[in-house]
Structures are given as C-alpha cells and as structure tokens.
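Please keep the sequence and the 3D view open while you read. These are a colleague's notes, meant to be checked point by point.

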Amino acid sequence: MVVIMIVMVFVVLLGAFSLAYHVYRLTELDARCRGLNHPKFWGFFSISGGNSSGLFLYLIGRKKYPIELGESDRAAMASLKKRAGISLCFIAVGAIVLVFTGVSYL
C-alpha cells in the first residue's frame, strides 16, 4: 500500500510540473501571437507564485491586443492544450487513487 501511495504522489507531481510547463508555453505562445513585449516573461509571470494571480493579471491585460494566429501557431496551441489536458488527467487520477489508497489503508 505504501509503495502505491508513493508512486501516486510522484504521478501527481509529474502532472503538476507538466501542467505548469504547458501553461508557461501556452501563455508564451499567446503573448507572442498578440505582439506583447517579452513573451517569455509573461509566460514565467503566469506560473509564478503559489496562486493564480499572475495568470489572471495576464488574462486581464491581454484584452487590449488582438490575436493573429497562423496555421502553425494554431496547431501548436491545439497540441499544447491537449498535453495540458493529459497533465490534468495525471493529477486527477493520481489524486483519486491516492485518496482511495489512503482511506483503505486506515
């Protein structure tokens, strides 16, 4: 039981780090397509901190800039969204198995 719990903790952590990376890449791509200065800064700013305040500030501030997506950017954004969804699945499945294993361990 303990081994399963340890593995699930690592699965959840893998999903969390992967999700943070994909949010960074999505924000960077969006900022680059909108013509914002320093898109890597905006990507890093969106994942910084323990809460989502950086992402919310980016989403509020980007409204002034229209987006111009080419076909390659559109395909890259779709791919990143799918990968972020897979990361969320890793987090959800790992957390559910972790909770059920912890409850049955008691």
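The numbered points below go through confidence, salt bridges, the surface and the helices.

1. Confidence first. This is a predicted model. The protein chain has a mean pLDDT of 92. In that chain, 98% of the residues reach 70 or more. Confidence is highest in α4, at a mean of 95. It is lowest in α3, where the mean is 88. Keep those two helices in mind, as both come back later.

2. Salt bridges overall. How many salt bridges does the structure hold? The count is four. The next points take up several of these pairs in turn.

3. R25 and E28. Their side chains meet in a salt bridge, at 3.3 Å from N to O. Both residues belong to helix α1, which covers residues 2–34. They are three residues apart there, so about one helical turn separates them. Buried or exposed: which word fits E28? E28 is buried, with a relative accessible area of 6%. The cut-off for buried is under 20%, so 6% qualifies. R25 has a relative accessible area of 31%. That value counts as partly exposed, because it falls between the 20% and 50% limits.

4. A network. The R25 and E28 pair does not stand alone: R25, E28 and R32 are linked in a network of salt bridges. Find these three residues together in the 3D view.

5. R34 and D30. Here the side chains form a salt bridge at 3.0 Å, N to O. R34 and D30 are four residues apart in helix α1, so they too are separated by about one helical turn. Both R34 and D30 are buried. For D30, the relative accessible area is 6%.

6. R62 and D30. D30 also meets R62 in a salt bridge, at 2.9 Å from N to O. Which parts of the chain does this pair link? It links distant parts, 32 residues apart. D30 sits in helix α1, while R62 is in the loop between α3 (53–61) and α4 (71–105). R62 is partly exposed, because its relative accessibility is 23% and the cut-off for buried is under 20%.

7. R83 and D30. Not every arginine sits beside D30. R83 is in helix α4. The C-alpha atoms of R83 and D30 are separated by 16 Å. Along the chain, R83 and D30 are 53 residues apart. R83 has 48% relative accessibility and counts as partly exposed.

8. The nonpolar surface patch. Which residues make it? They are M1, V2, I6, V9, F10, L13, F17 and Y105. The patch has an area of about 830 Å². Helix α1 gives the most to it, with six residues. M1 comes from the segment before α1. M1 is partly exposed, with a relative accessible area of 49%.

9. T27 and its contacts. T27 is in helix α1. T27 counts as buried, at 5% relative accessibility. What does T27 touch, leaving aside its neighbours within four places in sequence? It is in contact with W42, G43, S46, L55 and Y58.

10. The length of α4. Helix α4 has 35 residues. At 1.5 Å a residue, α4 should span 51 Å. Its end C-alpha atoms are 51 Å apart, so the model agrees with the expected span.

11. The buried side of the story in α4. The buried residues of α4 are M77, L80, A84, S87, G94, T101 and G102. What covers them includes α1. By contrast, I96 lies in α4 too, but I96 is partly exposed, at 48% relative accessible area. I96 and L59 are 37 residues apart in sequence. In space, their C-alpha atoms are 30 Å apart.

12. H38, a backbone point. H38 lies in the loop between α1 and α2 (39–47). Its phi is near 55 degrees. That is a positive value in a residue other than glycine. H38 is exposed, with a relative accessible area of 62%. The cut-off for exposed is over 50%, so 62% passes.

Conventions
Residues numbered from 1 in each chain as written. Predicted model: local features only at pLDDT ≥ 70, side-chain atom pairs only at ≥ 80, totals over all residues. Heavy atoms only, no water. Helix = DSSP H or I, 4+ residues; strand = E, 2+ residues; numbered from the N terminus. Buried < 20%, exposed > 50% of the residue type's maximum accessible area, 1.4 Å probe, protein only. Patch = residues over 30% accessible without salt bridge, like charges linked within 9 Å, V, L, I, M, F, W, Y side chains within 5 Å. Areas by Shrake-Rupley, 256 points an atom, 1.4 Å probe, with all protein chains shown as cover. pLDDT = per-residue confidence, 0-100. Expected span 1.5 Å × (residues − 1). Contact = heavy atoms within 4.5 Å.
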